[in-house]
Structures are given as structure tokens and as C-alpha cells.
Amino acid sequence: MGRTESPLDPAEGPLAAFAHDLRKLRREAGSPPYRELARRAHFSASTLSTAAGGRSVPSLRVVQGFVVACRGDIAEWTSRWHELMRVLERRGAAAGLANVGLEPAPRPPGARPTCEFGGQRAG
């Protein structure tokens, strides 16, 4: 049996409300353990747990995997995710958008940083 999730107040803001509703979807699916969701969603249990944690914005792919694993409505949740992103952008929550799954790939040890401008590499 997994750990109990910490309480999440949906009134804390749009991200908390979104995560709260992901947890509700999981409960409506019979509260499967995150390991079972991971098997169904093809994401790690910790990634799915973090998505429902309300501290960072999950990527759309993670949300869709979570929803598939809980047998939810993909179109509805895709729309909800896009709306969450619009709300966060309007609120100027750029710092909260750092974890949307767009992180650059790690560089090999000793590699120099590079930048691309108009298809040309600089660095």
C-alpha cells in the first residue's frame, strides 16, 4: 500500500484545482495504486504522483497518460490542460511553467553549451 497523499486545497489556485481534479478522477477509477497507473499510462509512478501533487505543471502527455490510466475523457482533459496553461500565462506564472516537459536534453559531460539562431548553431 502506498503513502497517503498530502491534502490539496483546490482554492489555492488553478494548478491546485487541476491536481485536485486529477486525484478525483483517480478516486472515481477505484483509487488504483500509482504503480498500477504507471503500468497503464507508460509513465513512472513518481511522474504520475507528481502530476497530481499540485506543485508543478505536468506535461500534456503525462496528463493524457494519467487520464487514459483512469479511463477518463482525453478530449476533456486535453482541453482542461490547455485552459490551465492559458490561465497560468495570464497570471504571469512563468516560473510555474518550468516543468511542462519541455526541458532540454542533458548535455554529455564536457560538452560545450550551444545555441541555435535561425537554423545556425552558435557556441
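Axes here are lines fitted to C-alpha atoms, for helices over the stretch in contact, and angles run from 0 to 180 degrees between N-to-C directions. Helices themselves are DSSP runs (H or I, at least four residues), numbered from the N terminus. This is a predicted model, in which local features need pLDDT of at least 70 and side-chain atom pairs count only at pLDDT 80 or more, while totals for chains, interfaces and linings use all residues. Residues are numbered from 1 along each chain as its sequence is written, and side-chain values use heavy atoms, with hydrogens and water left out.

Let's start with helix H4, which spans 60-69. H4 is mostly covered, with seven of its ten residues buried (under 20% relative accessible area, using a 1.4 Å probe and protein chains only). The buried ones are Leu60, Val62, Val63, Gly65, Phe66, Val67 and Ala69. And what sits over them? The cover includes H1, H2, helix H3 (45-51) and H5.

Now for the helix partners, one by one. Two packed helices are described by the angle between their axes and the distance between the axes. Take H2 (34-41) to begin with. The axes of H2 and H4 come within 8 Å and cross at roughly 110°. Because angles of 65 to 115 degrees count as roughly perpendicular, H2 and H4 get that label. On the H2 side, the contact (heavy atoms within 4.5 Å) is made by Tyr34, Leu37, Arg40 and Ala41, and on the H4 side by Gly65, Phe66 and Ala69. Sorted by class, that contact has five nonpolar residues, one polar and one charged. For the classes, Ala, Val, Leu, Ile, Met, Phe, Trp, Tyr, Cys and Pro count as nonpolar, Asp, Glu, Lys and Arg as charged, and the others, Gly among them, as polar.

Next comes H1 (14-28). The H1 and H4 axes cross at roughly 25° and come within 9 Å, so the two helices are roughly parallel (under 35 degrees). H1 passes H4 in a left-handed crossing (the near helix is turned anticlockwise from the far one by less than a right angle). Phe18, Leu22, Leu25 and Arg26 of H1 meet Val63, Phe66 and Val67 of H4. By class, this contact of H1 with H4 has six nonpolar residues, no polar ones and one charged.

The remaining partner to walk through is H5 (74-90). H4 and H5 pack at an angle of about 150°, with their axes 10 Å apart. That makes the pair roughly antiparallel (over 145 degrees). The crossing of H4 and H5 is right-handed, meaning clockwise in the handedness convention. H4 puts Leu60, Val63, Gln64, Val67 and Val68 into the contact, and H5 brings Ile74, Trp77, Thr78, Trp81 and His82. Seven of these residues are nonpolar, three are polar and none is charged.

With the helices in place, look at what lies between them. In soluble globular proteins, nonpolar side chains tend to be buried together. A nonpolar core here is a set of buried Ala, Val, Leu, Ile, Met, Phe, Trp, Tyr and Cys residues joined through side-chain atoms within 4.5 Å. Of the 24 residues in the largest such core, Phe18, Leu22, Leu37, Leu48, Phe66, Trp77 and Trp81 touch the most other members. H1, H2, H3, H4 and H5 each supply at least two residues of this core, and the largest share, six residues, comes from H4.

Phenylalanine 66 is a good place to zoom in. Phenylalanine 66 lies in helix H4 and is buried, with a relative accessible area of 0%. Leaving aside neighbours within four places in sequence, phenylalanine 66 is in contact with Leu22, Leu25, Arg26, Tyr34, Leu37, Ala41, Leu48 and Ala52. Phenylalanine 66 and tyrosine 34 are 32 residues apart in sequence, yet 9.6 Å apart in space, C-alpha to C-alpha. Leucine 22 touches Ala51, Ala52, Phe66 and Trp77, not counting residues up to four places away in sequence.

Finally, step out to the loops. Just after H4, arginine 71 takes a positive phi of about 60°. Arginine 71 lies in the loop between H4 and H5, and at 66% relative accessibility it counts as exposed (over 50%). Serine 31, in the loop between H1 and H2, also belongs here: its phi is near 55°, a positive value in a residue other than glycine. At 40% relative accessibility, serine 31 counts as partly exposed, the range in between buried and exposed.
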